[in-house]
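Visitor: I would like to go through this model one question at a time, with the cut-offs stated as they come up.

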Amino acid sequence: MEEHMSITGGKVILRAAKRPDLGMLLNLSRDPEIVKVTKGYQSLSAGMHPAYRSCLLPVPSDGLRRIIAAREKPEEGLGIIMLSDIDTGNKTAQIQIKILRMFRGRGYGRDAVETLISWAFQELHLNCICSHILEDNTASRRLFEVCGFRQEGLHEGRTDAEGHCRKVCVYVRREVTSSCKML
């Protein structure tokens, strides 16, 4: 995959990360609301923060990481969306998304997810894309349901900071002609 390629949707442009995006990524990783419903990061200094390091490192060959930006202001990052564990043999991948609080509920997340999965089905010839979402992350669950994903599993997942095991919902979206199963 081309490292600097952009993917254009109706409301968003999914583009490669740039140095000015690092502050936005740090804000995402420090937002207590996001940390509560995702794996999150420990609070570290900007120079050592995983969000900074991962943004500056090349994307693994089995992944695609893009900054979500509004088409009207493509230089301003609103969040991040990723395809990971891309398996071209089995035609599957996983998708994750995080958006700054001030840009939620405006259709950017929906357009970003729909744009990326459409691109993945057409350009990568994938058949199935899944997302693992914590059971209590109702906003993400609604987003993925609106984007055509269906819950196909529920399993014991991560242990949170208080030692409670949190359940993870497995959401799957298949290309219309596909009959694959996600593992």
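Visitor: Which residues of helix 5 (residues 138-146) are buried?
Guide: Helices (H or I, at least four residues) and strands (E, at least two) are DSSP runs, numbered from the N terminus. Buried means under 20% relative accessible area, exposed over 50% and partly exposed in between, with a 1.4 Å probe and protein chains only. By that cut-off, the buried residues of helix 5 are Ser-140, Arg-141, Leu-143 and Phe-144.

Visitor: Why do these residues count as being on the same side of helix 5?
Guide: The arc is taken from the directions that run from the helix axis to the C-beta atoms. The buried residues of helix 5 lie on the same side because their arc around the axis is only 160°.

Visitor: What kind of model is this, and which atoms enter the side-chain values?
Guide: This is a predicted model, in which local features need pLDDT of at least 70 and side-chain atom pairs count only at pLDDT 80 or more, while totals for chains, interfaces and linings use all residues. Residues are numbered from 1 along each chain as its sequence is written, and side-chain values leave out hydrogens and water and use heavy atoms.

Visitor: In what order do the elements run from the N terminus?
Guide: There are 5 helices and 8 strands in the protein. Read from the N terminus, their order is β-β-α-α-α-β-β-β-α-β-α-β-β.

Visitor: What share of the accessible surface belongs to carbon and sulfur atoms?
Guide: Of the 183 residues, 46% count as buried. The accessible surface, computed by the Shrake-Rupley method with a 1.4 Å probe, comes to about 10100 Å². The carbon and sulfur share of that surface is 51%.

Visitor: How many disulfides does the structure have?
Guide: Cys-147 is buried at 2% relative accessibility, and Cys-169 is buried at 0%. A disulfide is a pair of cysteine sulfur atoms within 2.5 Å. Searching the whole structure on that criterion gives a count of 0.

Visitor: What distance does helix 4 (residues 108-123) reach from its first C-alpha to its last?
Guide: The expected span of a helix is 1.5 Å times one less than its number of residues. Helix 4 has 16 residues, for which 22 Å is expected. The model is close to that, since the computed reach, first C-alpha to last, is 22 Å.

Visitor: Which residue just after helix 4 takes a positive phi?
Guide: The buried residues of helix 4 include Tyr-108, Asp-111, Leu-116 and Trp-119. Just after this helix a phi of about 60° appears, and the residue that takes it is His-125.

Visitor: Which residues touch Ala-112, leaving out those up to four places away in sequence?
Guide: Ala-112 lies in helix 4 and is buried, with a relative accessible area of 0%. Its C-alpha is 7.8 Å from that of Ile-13, although the two are 99 residues apart along the chain. With contact meaning heavy atoms within 4.5 Å, the residues that touch Ala-112 are Val-12, Leu-14, Ile-68, Ile-81 and Ile-97.

Visitor: Which residues touch the most other members of the largest nonpolar core?
Guide: A nonpolar core is a set of buried Ala, Val, Leu, Ile, Met, Phe, Trp, Tyr and Cys residues joined through side-chain atoms within 4.5 Å. The largest one has 42 residues, and helix 4 gives the largest share of this core, 8 residues. The members that touch the most others are Leu-83 and Ile-95.

Visitor: Is Glu-76 buried or partly exposed?
Guide: Glu-76 lies in strand 4 (residues 73-87). Its C-alpha is 8.4 Å from that of Pro-20, a residue 56 positions away in sequence. The relative accessible area of Glu-76 is 28%, so this residue is partly exposed.

Visitor: What phi does Lys-91 have?
Guide: Lys-91 is found in the loop between strand 4 and strand 5 (92-99). At 33% relative accessibility, Lys-91 counts as partly exposed. Its phi is positive in a residue other than glycine, with a value near 60°.

Visitor: What is the phi of Asp-85?
Guide: Asp-85 has its place in strand 4 and is partly exposed, with a relative accessible area of 42%. Asp-85 is a residue other than glycine with a positive phi, near 50°.
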